[in-house]
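Colleague: Please take a close look at a single part of this model, and then set that part step by step against the rest of the structure. A long, connected answer would suit me better than a list.

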Amino acid sequence: MGGAPEETIVKFEDIKKSYMIGAQEVPVLKGVSLSVEKGEFVGIMGVSGSGKSTMLNILGLLDVPTGGRYILNGRLVENLSDDELAELRNISIGFIFQSFNLFPHLSVEQNIEVPMVYGEIPSRKRREIAKSLAERVGLGHRLKHKPSELSGGECQRIAIARALGNNPAFLLADEPTGNLDEKTSHEILELFHELHARNQMTLVMVTHNILLEKDFDRVIYLRDGRLSSKDEFRGSGG
Amino acid sequence: MFVHDLFKLSFHNLLLHKIRSFLTSLGIIFGVGSVISMLAISEGAKRQALSQIEALGIDKIIVYSKPVPQVGKDVSDSSTQSFLESYGLLRKDLGHIKDMDNVATVTTLRNTRKKILRGTKQLDVILVSTSTTFLQDSGSDITNGRWLSPADEAHSAAVCVIGRNVKRKLFFLGEAVLGGRVKVGNAVFKVVGIMENNLGTQFPELNSPNDMIVIPESTSNAFFGFSSFQSEGRRRFQTTYVEADLFIVKVRELEYIDDTARRIVSFLEKSHSRDKDWGVTVPLDLLKQREQTQNIFTIVMSSIAGISLIVGGVGIMNIMLANVYERRKEIGTRRALGAKKKDILFQFLIETVFLTTLGGMLGIVLGIGISEVVTKYAAWPTIYSVWSIAISLFIACFVGIVFGTYPAWKAAQQNPIDVLRSE
Ligand SMILES: Nc1ncnc2c1ncn2[C@@H]1O[C@H](COP(=O)(O)OP(=O)(O)OP(=O)(O)O)[C@@H](O)[C@H]1O
Ligand SMILES: [Mg+2]
């Protein structure tokens, strides 16, 4: 990383998550401790069912841990109210989904505006930002189109543009290229790299694709709900 | 989230499914439609009743003859069956009533019970005799020609004034009516005027002035006397003897009208002790009764409207719950992008209120339509006011809030992660 003093954005202290299935408690995360510094590009890898999405959802304040402490930007998350969590999701976090989750009835422009609507940015300003973001992801000419008129790669670009609306401190992406072919995946990854390099944005991305390992500043390997080493991961992943 | 963005969003969602939104709000449309038309009809009926009663004048007491069943006396001989029927108010009753304290004037009316024919067809028209005060006391007007004059009375002139409907029943279209002739048995009367009653006046046991042929009292006595003779079949005769059918008693002091009516009743009870062949009504009392009946009608109609609004509301709640389920992914995504619980709550609540309010507006149009149709085809007067429209809109809004709150709350309670996982 660069020479600037490192600033911790995310800190997990022995985070646990378990689900109740009937009367039985099923642990998914069994005590994960880690931190992510400002400007890092972190990959999360692991076999299916190892708890990657669960961890990312906790990181993104979409889910709450059942044990341990999560400190986001110096604030203890368990002390935050529902409204405060929503506000943080809105302003500090950009979330990108595997299946894009665009609103099918809204145009590209309106889709990008949604987080800004919840952030109470006046409509004219919103439109300006939406336009410049669309241009930035290379889709400035598609503002009035509906998502159904776009390709998968284009949809994901729009979803990324949408995540950037309120200029969040960090971006979370759960298998953002999982539904895309290799070439398109590569283009999306290029976009992430550009955001990372140009804006010093902090990025955390879940992926299955072992070829992407080299793209990250750091990779977190998850195995059966715990952090594991690269070698261990290689050993179990086959 | 800005309020105007919230409104825009809810409105946008509503317009996405126009047909579904319309079908969903049908219950509200009909509910509000029935509220509007109910209020219009009952308000119209109220005004009409009022104007009818006011037309007769609240300072009047109506005294009338009432046929009594099986009062006929068998006066048959060997070859024919004959019945004599005699009942009702007498001329000496008139004398007594006229002399009472608070009584100003009395207008009398007698039905001659003569059959009025056009060709061989009997018409639904009555031939009555009355005094010159009748026109005013019945709330009628002369549209053509003139009213009966004191000279007609003095000379027992063979003239008549016919009601608006009689003209249509008795004369051809375009035929000269004034100066025309009305034949009753052997008697012939010249038409001197046409009268019209627009207040819907109906006298007990008699028709509306519009269905009357009116002749002077002296003329009637000269031509027909007091008995009317009707034959039924070849060997059966019926004679009816009635001296007077109606007294319109006008009082001096309205304050004592009930007292005067009571004295008339007790007098008639004494003098007609055998049969109750008379009746007394006070329009003022009718007015009070009418108001009570009106209130009952309004309560019943409101209950019906209320039930249809509840049914409509439950229907909307049902659809909105399905809607919330169907859109759980949208809700989850919105929450992930920073929507607060209350943003989601208000989005759905406002959508429901929009739906019911728009339904309410259509309902108002429907209600006004129904009222117009009722007025046109059933000839019932209807009156709708700004007030009734405002109250309907308020009700529609209220139904939206009541039945939209639960689905909206349900939407806001959705856990974003459960929702996003359900793909
Ligand atoms: N709501 C839930 N209730 C019960 N079990 C759950 C729930 N959510 C996740 N799990 C379980 O937790 C485990 C981890 O799930 P998670 O989605 O985090 O895996 P993952 O690493 O993202 O897998 P994949 O690569 O297939 O996406 C799985 O065994 C899953 O069945
Ligand atoms: Mg996953």
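**From one helix position to the whole assembly**

Modeller: If neighbours within four places in sequence are left aside, B:Asn323 is in contact with B:Arg20 and B:Glu351. The model is a predicted one, and the values that follow should be read with that in mind. B:Asn323 belongs to helix H10 of chain B, which runs over residues 283-326. Its relative accessibility is 6%, and because buried means under 20%, B:Asn323 counts as buried.

A second position in chain B can be described in the same terms. B:Ser392 sits in helix H13, which covers residues 386-413, and with a relative accessibility of 2% B:Ser392 counts as buried. Residues up to four places away in sequence being set aside, B:Ser392 touches B:Val32, B:Val35, B:Ile36 and B:Ile364.

These two helices belong to a chain with 14 helices and 16 strands. The radius of gyration of chain B is 33 Å, well over the 22 Å that the globule rule gives for 423 residues, so chain B is more spread out than a compact globule. Along the principal axes, the C-alpha atoms of chain B fill a box of roughly 105 × 50 × 45 Å. Of the 423 residues in chain B, 47% are buried, and among the contacts in this chain with a separation of 6 or more, 77% join residues 24 or more positions apart. Chain B exposes about 21000 Å², of which carbon and sulfur atoms supply 59%.

From chain B the description can pass to the ligand, since ligand 1 lies between chains A and B. There are 14 residues around ligand 1, and A:Ser48, A:Gly49, A:Lys52, A:Ser53 and A:Thr54 come nearest. The residues of this shell divide into four nonpolar, seven polar and three charged. In chain A, strand S1 (8-21) and helix H1 (52-59) each supply at least two residues of the shell, and the largest share, three residues, comes from H1 of chain A. At the level of atoms, a polar side-chain atom of A:Ser53 lies 2.7 Å from an oxygen atom of ligand 1, a polar backbone atom of A:Gly49 is 2.9 Å from an oxygen atom of the ligand, and a polar side-chain atom of A:His208 lies 3.2 Å from an oxygen atom of the ligand. Taken alone, ligand 1 exposes 630 Å², and the protein buries 67% of that area.

Chain A, which provides these polar atoms, has seven helices and ten strands. The radius of gyration of chain A is 18 Å, close to the 18 Å that the globule rule gives for 238 residues, so chain A is as compact as a globular protein of that length. Its C-alpha atoms fill a box of roughly 50 × 50 × 40 Å along the principal axes. Buried residues make up 53% of the 238 residues in chain A, while residues 24 or more positions apart account for 72% of the contacts in this chain with a separation of 6 or more. The area that chain A exposes is about 10800 Å², with 48% supplied by carbon and sulfur atoms.

Two loop positions in chain A deserve attention for their backbone angles. A:Glu175, in the loop between strand S7 (170-174) and helix H6 (182-199) of chain A, has a phi near 45°, a positive value in a residue other than glycine. The relative accessible area of A:Glu175 is 15%, and A:Glu175 is therefore buried. A:Gln200 lies in the loop between H6 and strand S8 (202-206) of chain A, and although A:Gln200 is not a glycine, its phi is positive at about 50°. At 48% relative accessibility, A:Gln200 counts as partly exposed.

The last position to describe is A:Lys230, found in helix H7 (residues 230-237) of chain A. With 39% relative accessibility, A:Lys230 counts as partly exposed. Neighbours within four places in sequence apart, A:Lys230 is in contact with A:Glu213 and A:Tyr221. A:Lys230 and A:Ile220, ten residues apart in sequence, are 8.2 Å apart in space from C-alpha to C-alpha.

Note on methods
Residues numbered from 1 in each chain as written. Chains lettered and ligands numbered in written order. Predicted model: local features only at pLDDT ≥ 70, side-chain atom pairs only at ≥ 80, totals over all residues. Heavy atoms only, no water. Near = heavy atom within 4 Å. Polar contact = N/O pair within 3.5 Å; in protein donor to acceptor, adjacent residues only side chain to side chain. Areas by Shrake-Rupley, 256 points an atom, 1.4 Å probe, with all protein chains shown as cover. Helix = DSSP H or I, 4+ residues; strand = E, 2+ residues; numbered from the N terminus. Nonpolar A, V, L, I, M, F, W, Y, C, P; charged D, E, K, R; others polar. Rg over C-alpha atoms; globule rule 2.2 N^0.38 Å. Buried < 20%, exposed > 50% of the residue type's maximum accessible area, 1.4 Å probe, protein only. Contact = heavy atoms within 4.5 Å.
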